[in-house]
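Grab your viewer and work through these exercises. Try each task before reading its solution.

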Amino acid sequence: MQNEIFLIKISGEDKPGLTSAITAILAENNINILDMGQAVIHNTLSLGILAEIPAGDNSNRSVLKDLLFKAYTLQIHIDFEVITPESYAKWVSLQGKDRYIITMLSEKITARQISEVTEIIYKQGLNIDLITRLSGRVPLSEVETPTQTKSCIELSVRGKPLNIQQVTEGFLEISQNYGIDIAFQK
């Protein structure tokens, strides 16, 4: 019997030990983790785990039940999505595409700047895999009147741009219009 693939989606208030508690249950059951990602924004956790769980003998039900109970005791939300083997294979086939890193640095990063950059990414047929804040969090007193504070985010994208020159020219224009430094590298 073929193993089943589940996307385990966890969200809620971030606290120390959440990831450890969840992965301990997976470890106790010898679960294979195929992919994993976690982010915390303003004390709110978003954790995703793509797990291969043995089928049959109710083993997957037992693991899912244990995860549900742990989520309840930790006061977090957990949801499960079955991933078909075909869907997983298609996702894996996309992983070999070119990858680029886009770094945005400014006194403050605005929605307008992000919107303009991501519009170019979209129009060039690229897909954002990950967005990471590289700088510290900006105090509210610095948001309106930044002094020495710098904000920096990084976007990891994949795909083959339709026209690399248009990408660099577009980023240069955004940089000039909005006073932001944008680095684009393969």
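**Exercise 1: two helices**

Work out how α4 and α6 run relative to each other.

Start with the axes: those of helix α4 (residues 111-123) and helix α6 (residues 164-178) come within 10 Å and cross at roughly 170°. Axes here are lines fitted to C-alpha atoms, for helices over the stretch in contact, and angles run from 0 to 180 degrees between N-to-C directions. Angles over 145 degrees count as roughly antiparallel, so α4 is roughly antiparallel to α6. Next, list the contact (heavy atoms within 4.5 Å): α4 brings R112, Q113, E116, V117, I120 and I121, and α6 brings V167, G170, F171, I174 and Y178.

A word on the source: this is a predicted model, where local features need pLDDT of at least 70, side-chain atom pairs count only at pLDDT 80 or more, and totals for chains, interfaces and linings use all residues. Residues are numbered from 1 along each chain as its sequence is written, and side-chain values use heavy atoms, leaving out hydrogens and water.

**Exercise 2: the sheet**

Find which strands stand at the edges.

First, write down the order, β2-β3-β1-β4, an open sheet of 4 strands with antiparallel pairing; strands pair if DSSP finds at least two bridges between them. β2 and β4 each have a single partner strand, so they stand at the edges. Then check the twist, which averages 15° from one strand to the next. Finally, look inside the sheet: β1 (residues 4-13) pairs with β3 over 10 bridges, and F6 sits opposite A51 in β3.

Notes
Parallel < 35°, antiparallel > 145°, perpendicular 65-115°, else oblique.
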